[in-house]
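User: Could you take a close look at one part of this model for me? I would like to follow a single domain, from its borders to the helices packed inside.

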Amino acid sequence: MTSAVTIPRHGGTGGRTAVAARARQVVKAYGSGETRVVALDHVDVDIARGQFTAIMGPSGSGKSTLMHCLAGLDTVSSGQIYLDETEITGLKDKKLTKLRRDRIGFIFQAFNLLPTLNAIENITLPMDIAGRKPDKAWLSQVVETVGLADRLGHRPTQLSGGQQQRVAVARALAARPEIIFGDEPTGNLDSRAGAEVLGFLRRSVDDLGQTIVMVTHDPVAASYADRVLYLADGRIVDEMFKPTAETVLDRMKDFDARGRTS
Amino acid sequence: MTVMKTSMRNFYAHKGRMALSAVAVLLSVAFVCGTLVFTDTMNTTFDKLFASTSSDVTVSAKGASDTGETTSDNGKPPVMPASVLGAVRKADGVKSAEGTVFSTSATVVDADKDSLSPTSGAPTIVGNWNGNDARTMEITDGAAPKGSDQVMVDADTADKHHLKLGDEIGVITAVGTHTAKISGIAAFQVTNPGAAIFYLDTKTAQEALVGESNVYTNVNVTAASGVSDAQLKKNVAAEIGGGYKVQTAKETADANRDSVGGFLDVMKYAMLGFAGIAFLVGIFLIINTFSMLVAQRTREIGLMRAIGSSRKQVNRSVLAEALLLGVVGSLLGVGAGVGIAVGLMKLMGMTGMNLSTDDLTVAWTTPVVGMVLGIVVTVLAAYLPARRAGKVSPMAALRDVGAPADARAGAVRAVIGLLLTGAGGLGLYLAAAADKAAEGSLWLGLGVVLSLIGFVVIGPLLAGVVVRVLGAIVLRPLGPVGRMAERNALRNPRRTGATGAALMIGLALVACLSVVGSSMVASATEELDKSVGTDFIIQSDGGQLMTPQAVRAIKSTPGLERVTEYKWTEADFTTPDGKTLDKTAITAADPTYATDLRVETVAGNLADAYRPDSMSVHEKFAEDHGITLGSKIAVAFKNGSTARLTVRAITSSDAVIDQGAMYTSIATLKRYVPADKLPLDDLVFATAKDGQQDAAYTSLKSALHDYPQYTVRDQTDYKQELKDQIGQLLNLIYGLLALAIIVAVLGVVNTLALSVVERTREIGLMRAIGLSRRQLRRMIRMESVVIALFGALLGLGLGMGWGATAQQLLALQGLNVLEIPWPTIIGVFIGSAFVGLFAALIPAFRAGRMNVLNAIATD
């Protein structure tokens with residue numbers, strides 16, 4: 001089995017370490033006694049800074065749970081999670097909220113936007129909540145990158161599914177978080193719109209040095225990543241660098257076959 | 001059957017969401033049932049009391065009222081000679097007969113001259129201890145009164161005033177003050193709701209109450225066995241001849257009940273009226289609940305339609321849920337109603353009115369009325385949302401949640417609402433411009449109803465405008481949280497409109513009444529300043545007339561320049577146009593009254609009306625009957641002869657004090673009414689010599705120390721008293737309106753709670769991207785505040801409009817000053833903001849506790 005704790009190939013930026021987030025011996029279990037279900041079983045993982053990481057695995061493998069724990073949305077049963085040098089396990093809700101607000105960006109599969117706010121208001125929402133002024137130049141760069149300049153005054157209901165997800169990407173990028181988590185961000189989109197959104201994510205890593213972690217079950221989506229982690233039964237069972245859709249698909253078929261024969 | 005099953009399941013699945021609607025139904029039904037049980041219980045109590053105190057047949061003196069409670073304007077009860085008793089005893093079928101003497105116009109004081117009369121409005125009865133009383137009461141301490149120095153008191157009064165055997169008490173009547181020591185204490189066998197009763201022996205009662213011996217006010221007759229009351233009445237009447245009032249036990253009890261019943265009915269219908277308002281407010285809450293449930297269930301309903309449910313079935317399933325809600329709410333309400341009735345009885349107990357739970361009366365109609373009302377109102381309120389549910393297309397199952405707004409319906413609503421509001425405004429305008437009170441009140445009623453409905457209909461449109469304005473003032477400074485709260489309040493204007501409208505109704509009534517109330521105070525104060533030229537007004541607060549002894553005491557007070565007596569009596573008028581007006585009120589006063597109260601005249605000089613055989617009439621009366629100066633009116637005085645009085649002054653109808661009074665002099669009255677039938681003074685005005693006001697005020701108070709039933713008031717006291725009285729009345733009404741406001745607040749809580757459920761995912765998303773719990777809670781609180789302020793603004797605006805219109809209309813009757821009570825209005829407005837904060841407490845708390853992951857995962 002390959003260890004998921006890797007030596008990063010990119011150097012760090014500035015004073016930051018090369019690892020944006022890491023999990024150490026993380027266990028997440030639900031229930032107790034006979035009904036105890038282990039969603040994450042002593043997981044160790046490092047998320048490299050400035051990289052696009054995809055987490056894959058069959059339904060129930062624990063991939064979403066891992067992402068939620070890394071992002072401070074869910075608590076762990078044991079183990080530690082660090083964002084940069086901050087241990088987030090054990091933080092109180094107030095601090096966690098502040099951390100999510102200031103240092104993390106999110107893109108969900110659906111229902112990413114507040115229906116009462118227009119596109120630009122949704123994009124600047126995390127900064128508004130924090131009471132910070134958005135960096136104008138950066139904001140217009142982000143808006144331009146996702147190609148929404150002429151849609152900023154529209155409400156979510158007036159935007160297509162693809163446009164809505166692009167607004168969500170822009171929101172995640174606009175606050176310059178240390179790390180962006182995506183939970184099947186293209187799951188609800190057709191292949192063309194999905195490709196568009198993934199293209200933006202890729203470009204934000206390449207051009208802007210953004211760190212992104214994405215949960216997906218789509219081999220094509222995973223092929224946009226620098227590195228793919230495979231989860232099964234709450235454990236990291238494999239990883240792959242510089243994936244293509246074909247190699248990812250092959251590896252998955254492999255797991256499926258093994259799963260069936262074992 | 002399946003329809004019922006789905007409805008049942010839906011009802012149980014969403015019982016939390018139904019809870020507040022159920023409470024609204026419960027409160028309204030409980031108030032209705034509570035009122036019914038309470039008034040029925042009061043009726044039972046009085047029925048028992050009257051049944052036990054009436055003898056088989058009662059003979060009363062001529063001039064006694066039907067209830068036998070005998071007060072006449074000369075301060076002494078009408079009596080009959082003792083010979084009547086002898087005559088009654090001779091009648092066939094009489095087992096026994098007993099003469100009684102009692103009066104309800106005496107005042108009883110303790111040794112310190114403090115009044116022992118009830119403060120609850122119940123009567124003070126002083127009478128002789130007779131066989132009838134001996135049957136219904138039990139002497140618990142001491143013995144029955146014997147001799148002129150003994151008196152017996154009822155146990156409740158003794159308790160309340162800590163009286164014991166040997167204490168001295170005084171009985172003050174027009175005859176004089178009689179003092180005696182307590183010889184005994186007697187307790188009622190049935191519940192006595194609050195009358196204070198004092199017993200003397202027969203001879204003493206005759207002397208103290210009437211000032212004559214060998215007279216009776218009533219004769220109580222007991223039938224021999226086998227003789228019916230009706231037969232006995234016939235026999236007695238035949239024996240004693242005409243000129244007396246003869247009544248059977250049933251007639252006496254009925255007359256008694258009628259006299260109390262009028263008051264009970266007023267109370268009952270007033271309280272039912274307020275329950276009705278609460279129901280009206282509850283309707284908004286129910287409509288909102290079902291609208292939200294239907295909206296949240298759109299996909300589910302679409303699926304039902306897709307797999308073959310008919311519109312009717314969907315419609316019916318929603319109505320069936322409403323039916324269940326109505327049944328549950330009403331059932332609990334009926335139960336709570338009995339509790340409310342008991343609570344009211346306890347409350348009355350604190351004000352001095354004793355009611356016993358033994359008499360608790362729940363008529364079979366009470367639960368039926370409560371249930372039917374609760375269920376019908378709930379189902380009717382759910383009808384619109386149910387119809388909307390029926391219209392959900394099967395496609396809704398496939399579409400994403402969030403139905404598009406129906407723009408056309410909005411336009412139709414706007415037109416209808418504006419038309420209604422316009423019509424209401426026109427009605428109010430016509431009411432304000434009306435020059436006849438009857439016509440004006442019709443317009444006012446129409447204007448109030450139409451403008452209220454109009455506001456309810458355009459509420460959602462107004463919500464858009466008003467919330468934006470409020471948001472700009474209240475919320476914008478709060479940054480993004482405020483902005484989101486504003487957007488949330490705006491996102492479903494129909495919901496915000498209905499929630500605000502519920503609050504609007506109660507607050508509109510509060511605003512309207514407070515405007516009318518303070519205008520009354522202001523108008524009366526202005527009038528007092530303008531027209532009252534005397535320093536002190538002396539009268540009793542319990543409606544007793546001034547005894548001659550008290551008037552003498554006033555007249556001998558040092559430092560007074562003049563004292564004016566004021567009497568009131570009735571007379572049959574025959575006017576020059578040939579009409580006879582029975583029992584018309586006429587005021588007789590000393591000539592100085594023209595100086596004490598400056599009444600404007602439209603013709604003649606008021607002072608001339610006090611010349612011999614002269615009088616004044618008011619403007620309207622003069623117009624109606626073609627009277628001019630010099631016209632003669634035949635005035636047949638009550639208990640006196642007919643005078644032909646010349647009209648020497650016509651007073652303006654535009655006055656608040658003594659409006660419509662017709663004056664003559666006491667000297668004139670004395671010429672036609674014998675001295676012993678002359679009515680006592682209603683009130684007395686006293687004016688101090690220049691510069692001696694303060695000394696005179698003190699002297700007057702000490703001069704009347706022995707007569708605690710009378711109060712001396714200078715103009716400041718009088719104004720304050722007026723203000724207090726209106727203030728008390730308003731507070732009572734506000735208290736009753738609180739029910740409607742509580743239901744409206746439940747409505748705000750309900751809307752917020754359901755909105756929070758509806759926005760679960762949104763809240764999850766906001767929490768995920770960094771909205772803190774505190775910010776989330778603040779957002780919900782701010783939304784609540786804006787909704788509450790919206791309702792308050794509409795309600796206060798509407799209510800002030802109504803109040804101002806009512807004042808314009810009442811200006812015809814002298815309510816000339818419009819005064820908007822800004823402190824009250826602003827207080828209510830600010831209070832509404834706090835109500836909003838309060839309403840949001842639980843929804844905000846629950847939203848804050850929502851688990852972020854679950855919220856995101858919720859479908």
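**A close look at domain 1 of chain B**

Analyst: Happy to. In this predicted model, 16 residues of domain 1 of chain B are in contact with 15 residues of domain 2 of chain B. On the domain 1 side, the elements that give two or more residues to this contact are α2 (15-53) and α8 (249-296) of chain B. Of these, α2(B) gives the most, with six residues. Sorted by class, the residues on that side of domain 1 of chain B are five nonpolar, nine polar and two charged.

It helps to place the two domains along the chain. The domain assignment gives domain 1 of chain B as 1-54 + 253-404 and domain 2 as 63-242. The C-alpha centres of these two domains of chain B lie 48 Å apart.

Now let us follow the two border helices, starting with α2(B). Its partner here is helix α10 (residues 311-350) of chain B: the two pack at an angle of about 45°, with their axes 5 Å apart. Because of that angle, α2(B) counts as oblique to α10(B). The crossing of α2(B) past α10(B) is right-handed. The residues in this contact are 21 nonpolar and eight polar, with no charged ones.

The partner helix deserves a word of its own. α10(B) has 40 residues and reaches 56 Å from its first C-alpha to its last, close to the 58 Å expected at 1.5 Å a residue. After α10(B) comes B:G352, which has a positive phi, near 100°.

The other border helix, α8(B), packs with helix α11 (residues 365-390) of chain B at an angle of about 30°, and their axes are 8 Å apart. That angle is under 35 degrees, so α8(B) is roughly parallel to α11(B). Here too the crossing is right-handed, with α8(B) passing α11(B). If you want to find the contact in the viewer, α8(B) contributes B:F279, B:I283, B:I286, B:I287, B:F290, B:S291 and B:V294. From α11(B), the contacting residues include B:V377, B:A381, B:L384, B:P385 and B:R388. By class, the contact of α8(B) with α11(B) has 13 nonpolar, two polar and one charged residues.

To put the pieces together: α2(B) and α8(B) both give residues to the side of domain 1 of chain B that touches domain 2. Within the chain, α2(B) also packs with α10(B), while α8(B) packs with α11(B).

Conventions:
Residues are numbered from 1 along each chain as its sequence is written. Chains are lettered from A and ligands numbered from 1 in the order in which they are written. This is a predicted model: local features need pLDDT of at least 70, side-chain atom pairs count only at pLDDT 80 or more; totals for chains, interfaces and linings use all residues. Domain bounds come from an automatic or database domain assignment. Two residues are in contact if their C-beta atoms, placed from the backbone, lie within 7 Å. Helices (H or I, at least four residues) and strands (E, at least two) are DSSP runs, numbered from the N terminus. Ala, Val, Leu, Ile, Met, Phe, Trp, Tyr, Cys and Pro count as nonpolar, Asp, Glu, Lys and Arg as charged, and the others, Gly among them, as polar. Axes are lines fitted to C-alpha atoms, for helices over the stretch in contact, and angles run from 0 to 180 degrees between N-to-C directions. Angles under 35 degrees count as roughly parallel, over 145 as roughly antiparallel, 65 to 115 as roughly perpendicular and the rest as oblique. A crossing is left-handed if the near helix is turned anticlockwise from the far one by less than a right angle, and right-handed if clockwise. The expected span of a helix is 1.5 Å times one less than its number of residues.
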